[in-house]
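This report covers sheets, a helix, aromatic rings and backbone angles. Keep the sequence and the 3D view at hand.

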Amino acid sequence: MIWHPFTAQLNADEPLKIVHAEKEYIYDAQGRDYVDAIASWWTMIHGHRHPAIVAAIEKQLATLDHVLLAGFTHDAAEQLADKLLDASGRAFSHVLFSDNGSGAVEIMLKLAVQYYQNTGNKGRRLFIKFDSAYHGDTFGAMAVGGASVFTQPYQELLFATHSLPYPTGNAASVVLSELEIFLQQHEEEVAAIIIEPLIAAAGGMVFHTSETLRQIAQLAAEYNVLLLCDEVFTGMGRSGVMLACQQAGIVPDMLALAKGLTGGSLPLAVTLVSEKIH
């Protein structure tokens, strides 16, 4: 039996059995068609079974299915890393591969802590987050996400963070002031600010402006705090450009991508890392 995620287990309806997919449509066992309007958790950005993606997967499988990257490399990984770095405008220097968005966020959090460990600032372990945020369902990602029914049972196991209201609309200037005051008072404790640039999707499709994002980046730089951008949802063109942070003309220290990275066809994620962090 499949344990269906984010689904009531007691007296739940039978799941909709899908047998076929094409472009934006999915088809059930009775032949009925549905528009996959959520893009299967926001992954199918080019539609189902896109011929170019299917052909690329088949071509790669005919040569090499998988090899570990610890001490090994291969052409496909190198080519993808190079294309991603190009797409970022060479704002980053290294690509760290993983298999899902939550994992890519965990990598950012761990690298942020390790960065300060390695530079002699071991007291910088606090993360600043926003209350509408969703960064995943592993423990670190839950800690830097907004409180919800899904995180409540684990509160005692999550590391401490400082949460601010989401900087949307008229609230943005107040939130930015609160952020600056907190950084002034706790500069030697804060490791990083983590944000979904422009859009908090799972938090209710709430938005902040490019100017707000620029000001957050400026404060992070002024107080020598790392800026982490979770672009698992916002990246790969969803905001109109390849990376949402490019709308604001900012460069974070690290950036996470997944979901649309493979057009939903395979589990894959990356963490883009600046030369400073590497």
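A residue is called buried under 20% relative accessible area, exposed over 50%, and partly exposed in between, with a 1.4 Å probe and protein chains only. The model is predicted: local features need pLDDT of at least 70, side-chain atom pairs count only at pLDDT 80 or more, and totals for chains, interfaces and linings use all residues. Residues are numbered from 1 along each chain as its sequence is written, and side-chain values use heavy atoms, with hydrogens and water left out.

**The sheets**

Helices (H or I, at least four residues) and strands (E, at least two) are DSSP runs, numbered from the N terminus. Two strands pair if DSSP finds at least two bridges between them.

One open sheet has 7 strands in the order β4-β12-β11-β10-β7-β5-β6, and its pairing is mixed. Its edge strands are β4 (94-98) and β6 (161-164), each pairing on one side only. Neighbouring strands are turned by 20° against each other on average, direction ignored. Axes are lines fitted to C-alpha atoms, for helices over the stretch in contact; angles run from 0 to 180 degrees between N-to-C directions.

An open sheet of 3 strands follows the order β1-β2-β3, with antiparallel pairing. Here β1 (18-22) and β3 (33-35) stand at the edges with a single partner strand each, so one side of each has no neighbour in the sheet. The twist averages 30° from one strand to the next.

Several strand pairs are listed with their bridges and one partner pair each.

| Strand pair | Sense | Bridges | Partner residues |
|---|---|---|---|
| β10 (226-230) and β11 | parallel | 3 bridges | D230 and A256 |
| β11 and β12 (269-273) | antiparallel | 4 bridges | A256 and T271 |
| β4 and β12 | antiparallel | 5 bridges | H94 and V273 |
| β2 (25-28) and β3 | antiparallel | 3 bridges | Y25 and V35 |

A256 has a bridge partner in β12, T271, and is itself the partner of D230. Now the side chains of this strand. In a regular strand the side chains alternate between the two faces of the sheet. In β11 (254-257), M254 and A256 point one way, L255 and L257 the other, and all are buried.

Two helices meet the sheet strands; contact means heavy atoms within 4.5 Å. Helix α3 (75-87) lies across β4, β11 and β12 and runs at about 125° to β4. Helix α7 (210-222) packs on the sheet and touches β5 (126-130), β7 and β10. Its direction makes about 170° with that of β7.

**Helix α4 and S102**

What do the 18 residues of α4 span? At 1.5 Å a residue they should span 26 Å, and the end C-alpha atoms are 25 Å apart, which agrees. The expected span is 1.5 Å times one less than the number of residues. α4 is mostly covered, with 13 of its 18 residues buried.

S102 sits in α4 (101-118). At 12% relative accessibility, S102 is buried. N100 caps the N-terminal end of the helix: a side-chain oxygen lies 3.1 Å from the backbone nitrogen of S102. The side chains of S102 and T138 share a polar contact of 2.4 Å. A polar contact is a pair of N or O atoms within 3.5 Å; within protein, one must be able to donate a hydrogen and the other to accept it, and residues adjacent in sequence count only if both atoms are side-chain atoms. Leaving out residues up to four places away in sequence, S102 touches H135, G136, D137, T138 and A141. After α4 comes G120, with a positive phi near 85°.

**Aromatic rings**

The structure holds 7 aromatic pairs. Rings of Phe, Tyr and Trp (its six-membered ring) pair if their centres lie within 6.5 Å; planes under 30 degrees apart are stacked, over 60 edge-to-face, and the rest tilted.

Y25 and Y27 form a tilted pair, because their ring centres are 6.4 Å apart and their planes lie at 45°. Y25 is partly exposed at 29%, and Y27 is partly exposed at 23%. The rings of Y115 and Y116 have centres 5.0 Å apart and planes at 75°, so this pair is edge-to-face. Both Y115 and Y116 are buried. Ring pairs also link F6, W41 and F150 into a cluster.

**Positive phi**

Most residues other than glycine have a negative phi. K23 has a positive phi near 55°. K23 lies in the loop between β1 and β2 and is exposed at 56% relative accessibility. L198 has a positive phi of about 75°. L198 lies in the loop between β7 (190-195) and β8 (199-200) and is buried at 9% relative accessibility.
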